[in-house]
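Biologist: I am new to this structure and would be grateful for a close look at a single part of it, followed by an account of how that part belongs to the rest of the chain.

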Amino acid sequence: RSLDEYSFELAIILGNLLDNAIEAARQTEEQALRFQMEEDKGMLFIHVVNKYCGELRIKEGRLLSTKSDGKNHGMGLKNVRDIVEKNHGVLDIRYDNGIFEVDVILYLQSLC
């Protein structure tokens, strides 16, 4: 695998997670968002936490877009999940009481 492919996949992960978090946080009163990314012992850890308001839409265990134009949105987390699974990583998504958290672990040796 090339460094370009790795960079492209990482950009998809970060772009989708941050875009979703910013969009959701903007709709809340506190507009809170936290992002952390670090590498340790060949593993890349990504942690995103944001506030959200309203009800999340879930179908068959998958989160659906809450954007009004659902046909052209809603692929972000699926793309993240696909890339993480392809690279034998870990994706953990939790949401409760207006707080949405995503943790991603990627094993860098499998990416390079």
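Modeller: Let us begin with a hairpin, which β5 and β6 form with two residues between them; in its turn, Asn97 has a positive phi of about 50 degrees. The model is a predicted one, in which local features need pLDDT of at least 70 and side-chain atom pairs count only at pLDDT 80 or more, while totals for chains, interfaces and linings use all residues. Residues are numbered from 1 along each chain as its sequence is written, and side-chain values use heavy atoms, with hydrogens and water left out.

The two strands of the hairpin run antiparallel and are joined by seven bridges; strands count as paired if DSSP finds at least two bridges between them. Across this pairing, Tyr95 stands opposite Phe100 in β6.

In the chain as a whole there are three helices and six strands, in the order α-β-β-β-β-α-β-β-α from the N terminus. Helices (H or I, at least four residues) and strands (E, at least two) are DSSP runs, numbered from the N terminus.

Both strands of the hairpin also take part in the largest nonpolar core, since β5 (90-96) and β6 (99-107) are among the elements that give two or more residues to it, together with α1 (3-26), β2 (43-51) and α2 (76-86). A nonpolar core is a set of buried Ala, Val, Leu, Ile, Met, Phe, Trp, Tyr and Cys residues joined through side-chain atoms within 4.5 Å. This core has 22 residues, of which Ile13, Leu17, Ile46 and Val104 touch the most other members. The largest share, seven residues, comes from α1. Leaving aside neighbours within four places in sequence, Leu17 is in contact (heavy atoms within 4.5 Å) with Ile46, Val48, Leu77, Val80, Val102 and Val104.

Beyond the hairpin lies Leu108, placed in helix α3 (residues 108-111). Leu108 counts as buried because its relative accessible area is 17%; buried means under 20% relative accessible area, exposed over 50%, and partly exposed in between (1.4 Å probe, protein chains only). With neighbours within four places in sequence again left out, the contacts of Leu108 are Tyr6, Glu39, Gly42, Met43 and Leu44. Gly42 is 66 residues from Leu108 in sequence, yet their C-alpha atoms are 5.3 Å apart in space.

Finally, of the 112 residues of the chain, 31% count as buried. Among contacts with a separation of 6 or more, 57% are between residues 24 or more positions apart.
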